[in-house]
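Student: I keep meeting labels in structure descriptions without knowing what earns them. Can we go through some together?

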Amino acid sequence: MQTEMVDTIYGQFCTIADDLVTQQLKTYSAHTRNEIAMLLSVLREQDIVLDIGAHIGTFAIPIVSSFKGNIKVFAFEPQADVFELLQKNIQLNNLGNCIVTFNGLVSNQKEEFRQRVTHSDNSMATMFIPVELDETSETIGKKADIKIYSIDQMIQEGDIPADINVVKIDTEGAELKVINSCLKLLKSNLPVVYGEINVGALEEFETTPDDIDAVLSAFGYHFFRNVGDRNSTNDSFKLARIKQLKNGGPFFDFLAIHPDSERYPSVAASYNYFSTANRLNRIMQNFRQR
């Protein structure tokens, strides 16, 4: 795997050469920069965040950098080579005290998975499909020898804290398995949930946006999405409430926030929550203090 170094407004990244994520970092100085801004708008100092599907740290590092290290992130990434880059990027940005890493999948079931790369130029488009859903000759992938984590079990055993504020999930269609692994956490804490809806990827796991909607709605969550740019050279976003996840479109990121939460957004106030000038000023201050 050939790598290259990219400097961004959030720090330095060792990335995979010619990868989609690398091109986004070079072009926009972040991966899905406007979606990151949307997530940052609901974070607070001293938060504890789960980053499930952390990749090379394109969310974990901006989260910690933006709050000057006053946030703790527990990051999960199943791809071994990508996990190595995640650890390297944490070291490059001196964030080892703020980000704890786990090399494995998050799921509510202990089962065998096959690793399948769906796009060779996009390292994020790697799926880990349960064997029983990936048995035909056309779709069979490499069997994955990988550790499986359950969030509720990790909390019970003391491996991660119980007072989690935000759960970010980007697992290429396996989002429902992740959500089902932290039902006790959702019931007790009602954390903000940031997730990806990719209808095509969900179909690989025989799930739909309605399945995710049903679980989160049962806890009383409301749904929001950015209807502005996904990738741009600024940090603006347009937050809109959507009644049901299926109304958001075939591919988007969402926020699920309980109406009793003090983080519940004022949609009008969320547009352009972060200005580019303020963002750059904050990042420069972070670098000077390291």
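Tutor: Sure, starting with helix 4: Glu84 and Gln91 are exposed on its other side, away from the buried residues Val82, Phe83, Leu85, Leu86, Asn89 and Ile90. Keep in mind that this is a predicted model.

Student: How do you know that the buried residues are on the same side of helix 4?

Tutor: They cover an arc of only 160 degrees around the axis, so they sit on the same side. In general, an α-helix has 3.6 residues a turn, so residues three or four places apart point the same way. The buried residues pack against strand 1, strand 2, helix 3, strand 4 and strand 5.

Student: What makes the span of helix 4 close to the expected one?

Tutor: Helix 4 has 13 residues, and 1.5 Å a residue gives an expected 18 Å. From first C-alpha to last, helix 4 reaches 19 Å.

Student: Why is histidine 55 called buried?

Tutor: Buried means under 20% relative accessible area. Histidine 55 has 3%, so the label fits.

Student: What makes the link between the side chains of histidine 55 and serine 123 a polar contact?

Tutor: The cut-off for such a pair of N or O atoms is within 3.5 Å, and here the distance is 2.7 Å. Histidine 55 also touches other residues, including Asp19, Glu77 and Leu86.

Student: How do you know that strand 1 and strand 2 pair?

Tutor: Pairing takes at least two bridges, and these strands have six, in the antiparallel sense. One of the bridges joins threonine 3 to isoleucine 16 in strand 2. With two residues between them, the strands form a hairpin.

Technical notes: Residues numbered from 1 in each chain as written. Predicted model: local features only at pLDDT ≥ 70, side-chain atom pairs only at ≥ 80, totals over all residues. Heavy atoms only, no water. Buried < 20%, exposed > 50% of the residue type's maximum accessible area, 1.4 Å probe, protein only. Polar contact = N/O pair within 3.5 Å; in protein donor to acceptor, adjacent residues only side chain to side chain. Contact = heavy atoms within 4.5 Å. Helix = DSSP H or I, 4+ residues; strand = E, 2+ residues; numbered from the N terminus. Expected span 1.5 Å × (residues − 1). Arc of directions from axis to C-beta.
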